[in-house]
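Reader: I would like to learn how to read the features of a fold. Could you take me through one model?

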Amino acid sequence: MYVLNLGEDWKVIVQEVEEDGITVKPETHRKYLAKNVAIASGHHAKPTMAKFMGQDSFTGEIIHSVKYKDVITNHLEDKRVLVVGIGNSAVDVAVNIAAIGREKPVYLSTRSGAWVVPNYIFGQPTDLYANRLFLALPWKLATWIFETVIKVVSGDPKRWGLNPKMRALQTQPTVSPTLLHHIQRKNIVVVPNIQRIENKKVYFINGESAEFDTIILCTGYKIDLPFLSDEIKQTVLDDNNNNLKLFKNVFNPDIGQSLAFIGFVQPASGGILTIFETKNRYYHSARHTIQKDPITYNDEISSYFGAKPELLTNPTLAWRLIFGSCGAFQYRLQGPNTWSGAKEAVKKVPVTEMMNYTGIGLLVIAGLINVEEIPTCIEVNAIGVWIFLNGCK
Ligand SMILES: Cc1cc2nc3c(=O)[nH]c(=O)nc-3n(C[C@H](O)[C@H](O)[C@H](O)COP(=O)(O)OP(=O)(O)OC[C@H]3O[C@@H](n4cnc5c(N)ncnc54)[C@H](O)[C@@H]3O)c2cc1C
């Protein structure tokens, strides 16, 4: 594919490729003229390969996680494996190898450490705890709550050698239900950053060393837009910082609304789908800037086309809109393209016990604060109880 700006129109040249993804089928060459182009080629486009001192002397195999399928397909049974990184790919790969065909412990090398978030907290999916009340808290308080919950559920990350250098809400969360299980059983050994490599031996910065047959670099991806003309690419992509110069991660102000980027955003919690849906709807009607937390982002963007779920418009859902997690259904309650089943769908998303108790606690506090003004107290409590009862239906 090649995309070129011709003033009012966009020229798009496409060609099919063979299954290898590289070899072009010449007979499939086609040209299009388009008034609007939406790029949705994915932001996990180009593997980032870390480079370590002495790496060229390594006599085993070095691959990126993009090439990892599973232990059997990658012939890693009985191999001594070092996984580099502590993101979601690194943890999934390490756990997969540790669970199947493991001869020796799998080593997991990290320079930044991590707060590993469990998939479930107090029996509920962790995503359900991301809600508007939590996002409205001051950052330090929200971080303290998040870290305390992780410590209560999983123990202090330092105890597992994970030694996070950043606060829990400062980075993309690494989610794993089984990493700690494998660390505890010494199936996975957490080590710090690689200092140097000599033949099969890898030295870590804490002075430890071990021999490996395979190193798997789970070191992420870069945005890559090779199909844009150089001029357009320079306008939209800061290659050095892997940063897109886009208004709301969708439009570049110098280019305008005829070129849109869909999917170039990373959610801080939950899945990607809600964000993508809102982005697509925004593309059809849009204006302002973007936050990368899904709820904040979706609320902001959807407010531009009237689909932000308002408490006053949806009073019977107020409890869920404040204390419940977010989902695509909430943005079909009002505004364009509403869905008649949205209200029932919102009600099907459970509110966690923790958030229900938090809500009840806040109601009690609100009632006590106003207790000397009897009419206000009755009003506050009556409204609160009504919202709660409706929220729990
Ligand atoms: C290991 C891993 C695990 C993940 N786990 C999760 C998860 O649990 N939950 C979650 O929400 N997200 C997850 N993500 C992120 C999620 O996969 C991506 O955010 C999502 O797939 C992005 O969707 P997209 O449509 O923008 O891009 P993609 O899914 O990457 O699709 C882009 C498409 O564009 C095509 N394309 C690219 N270049 C061209 C070209 N020049 N011409 C024609 N076609 C082209 C590609 O072939 C591809 O089909 C994960 C990502 C990775 C790498």
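Author: What follows goes from the whole chain to sheets, cores, a helix and one residue. Keep in mind that this is a predicted model.

Reader: Start with the overall picture. How many helices and strands are there in the protein?

Author: The protein has eleven helices and 22 strands. Of its 393 residues, 28% count as buried. Take the contacts with a separation of 6 or more: residues 24 or more positions apart account for 66% of them.

Reader: Now sheets. How do strands of a sheet pair?

Author: They pair through backbone hydrogen bonds, either parallel or antiparallel. Here, three strands make an open sheet in the order 1-2-3, with antiparallel pairing. Strand 1 (2-6) and strand 3 (30-34) are the edge strands, and each pairs on one side only. From one strand to the next, the twist averages 20°.

Reader: Over how many bridges do strand 2 and strand 3 pair?

Author: Five bridges, in the antiparallel sense, with strand 2 covering residues 9-14. To fix the register, take lysine 11: its bridge partner in strand 3 is leucine 33.

Reader: Which strands form the sheet in the order 14-15-16, and how do they pair?

Author: Strands 14, 15 and 16 form an open sheet in that order, and the pairing is antiparallel. Strand 14 and strand 16 (209-211) stand at the edges with a single partner strand each, so one side of each has no neighbour in the sheet. The twist here averages 20° from one strand to the next.

Reader: What joins strand 14 to strand 15?

Author: Four bridges, and the two strands run antiparallel. Isoleucine 197 has valine 202 in strand 15 as its bridge partner. Look at the turn as well. Two residues lie between the strands of this hairpin, and asparagine 199 takes a positive phi near 55°. On the other side, strand 15 (residues 201-204) pairs with strand 16 over three bridges, again in the antiparallel sense. There, tyrosine 203 stands opposite serine 209.

Reader: Next, the interior. Which residues touch the most other members of the largest nonpolar core?

Author: Val83, Ala94, Val106 and Ile216, out of 36 residues in that core. Several elements give two or more residues to it, including strand 7 (81-84), strand 8 (106-109), helix 4 (179-184), strand 14 (194-198) and strand 17 (214-217). Helix 1 supplies the largest share, seven residues.

Reader: With which residues is valine 83 in contact, leaving aside its neighbours within four places in sequence?

Author: Ala90, Val93, Ala94, Val106, Tyr107, Leu108, Ile216 and Cys218. Apart from this core lies another, of twelve residues, among them Leu317, Trp319, Val346 and Met355.

Reader: How do I check a helix by its length?

Author: Compare its span with the expected one. Helix 3 (residues 139-154) has 16 residues and reaches 22 Å from its first C-alpha to its last, close to the 22 Å expected at 1.5 Å a residue. Then look at what comes next. Glycine 155 follows helix 3, and its phi is positive, near 90°.

Reader: Last, a single residue. Why does glutamine 124 count as partly exposed?

Author: Because it has 16 C-beta neighbours inside 10 Å; a buried residue needs 20 or more, and an exposed one has 12 or fewer. Glutamine 124 is found in strand 11 (residues 124-125). Leaving aside neighbours within four places in sequence, glutamine 124 is in contact with Pro350 and Thr352. Its C-alpha atom is separated by 9.1 Å from that of valine 351, which is 227 residues apart along the chain.

Definitions and conventions
Residues are numbered from 1 along each chain as its sequence is written. This is a predicted model: local features need pLDDT of at least 70, side-chain atom pairs count only at pLDDT 80 or more; totals for chains, interfaces and linings use all residues. Two strands pair if DSSP finds at least two bridges between them. Axes are lines fitted to C-alpha atoms, for helices over the stretch in contact, and angles run from 0 to 180 degrees between N-to-C directions. A nonpolar core is a set of buried Ala, Val, Leu, Ile, Met, Phe, Trp, Tyr and Cys residues joined through C-beta atoms within 7 Å. Two residues are in contact if their C-beta atoms, placed from the backbone, lie within 7 Å. The expected span of a helix is 1.5 Å times one less than its number of residues.
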